[in-house]
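Student: I have a model on screen and want to work through its fold. Can we take it step by step?
Tutor: Yes, show it and ask away.

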Amino acid sequence: MFGGIAAAGVTGDGLMVRVGPATAQTALARPGARVFDMTGRRMRGWVVVAGSAVTEDEALGARIDE
C-alpha cells in the first residue's frame, strides 16, 4: 500500500487516509483526525480519522475525497 496507489484503508476502528504532505495539516484540523504513525514513526501525508467521525456516508465520502 505504501508507495503504491492506495488512498484509504482501515486501521483498527479508524479510517487511514492518504491526504498528501501539502494538505496534511488541514486534514488534521478536522474533527476526529490524528497523525498516523506506524510503530512510533509518523507517516508523512497520512492521517487516521476516528470511526465515529465517518459513520455517515457523506462524511466518509468527504474524507476519501481528500
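Student: Which residue in E2 does Gly 9 stand opposite?
Tutor: Keep in mind that this is a predicted model. Strands E1 and E2 run antiparallel and are joined by 4 bridges. In E2, the residue opposite Gly 9 is Met 16.

Student: What is the order of the strands in the open sheet?
Tutor: The sheet has 4 strands, with antiparallel pairing. Strand E1 (8-11) and E3 are the edge strands, and each pairs on one side only. Neighbouring strands are turned by 40° against each other on average, direction ignored. The order is E1-E2-E4-E3.

Student: What angle does the direction of H2 make with that of E2?
Tutor: Helix H2 covers residues 57-65. H2 packs on the sheet and touches E1, E2, E3 and E4. Its direction and that of E2 make an angle of about 30°.

Student: Is Arg 63 buried or exposed?
Tutor: Arg 63 is found in helix H2. Among the residues touching Arg 63, beyond those up to four places away in sequence, are Leu 15, Val 17, Ala 27, Val 49 and Val 54. Arg 30 and Pro 31 are also among them. The relative accessible area of Arg 63 is 4%, under the 20% cut-off, so Arg 63 counts as buried.

Student: Which element gives the most to the largest nonpolar core?
Tutor: That core has 10 residues, including Leu 15, Ala 24, Ala 27, Leu 28 and Val 47. Strand E2 (14-18), helix H1 (24-28) and E4 each supply at least two of its residues. With 3 residues, the biggest giver is H1.

Student: Which residues does Leu 28 contact beyond its neighbours within four places in sequence?
Tutor: Leu 28 belongs to the largest nonpolar core, as do Ala 33 and Val 47. Both of those are in contact with Leu 28. The full list is Ala 33, Arg 34, Val 35, Arg 42 and Val 47.

Student: How many residues does the other core have?
Tutor: This core lies apart from the largest one. Phe 36, Met 43, Trp 46 and Val 48 are among its members. Its residue count is 5.

Student: What kind of aromatic pair do Phe 36 and Trp 46 form?
Tutor: A search of the whole structure finds 1 aromatic pair. Phe 36 lies in strand E3 and Trp 46 in strand E4, so the pair ties together parts 10 residues apart in sequence. Both residues are buried. The centres are 6.4 Å apart and the planes make 55°, so the pair is classed as tilted.

Student: Which residue in the turn between E3 and E4 has a positive phi?
Tutor: Strand E3 (residues 33-38) and strand E4 (residues 41-50) pair in the antiparallel sense over 5 bridges. They form a hairpin, with 2 residues between them. The phi in question is about 55°, and the residue is Thr 39.

Student: Which residue in E4 is the bridge partner of Val 35?
Tutor: Val 35 lies in strand E3. Leaving aside neighbours within four places in sequence, Val 35 is in contact with Leu 28 and Arg 42. Its bridge partner in E4 is Val 47.

Student: What is the relative accessible area of Val 35?
Tutor: Val 35 is partly exposed. That class runs between the 20% and 50% cut-offs. The value for Val 35 is 27%.

Technical notes. Residues are numbered from 1 along each chain as its sequence is written. This is a predicted model: local features need pLDDT of at least 70, side-chain atom pairs count only at pLDDT 80 or more; totals for chains, interfaces and linings use all residues. Side-chain values use heavy atoms; hydrogens and water are left out. Two strands pair if DSSP finds at least two bridges between them. A nonpolar core is a set of buried Ala, Val, Leu, Ile, Met, Phe, Trp, Tyr and Cys residues joined through side-chain atoms within 4.5 Å. Buried means under 20% relative accessible area, exposed over 50%, partly exposed in between (1.4 Å probe, protein chains only). Contact means heavy atoms within 4.5 Å. Axes are lines fitted to C-alpha atoms, for helices over the stretch in contact, and angles run from 0 to 180 degrees between N-to-C directions. Rings of Phe, Tyr and Trp (its six-membered ring) pair if their centres lie within 6.5 Å; planes under 30 degrees apart count as stacked, over 60 as edge-to-face and the rest as tilted.
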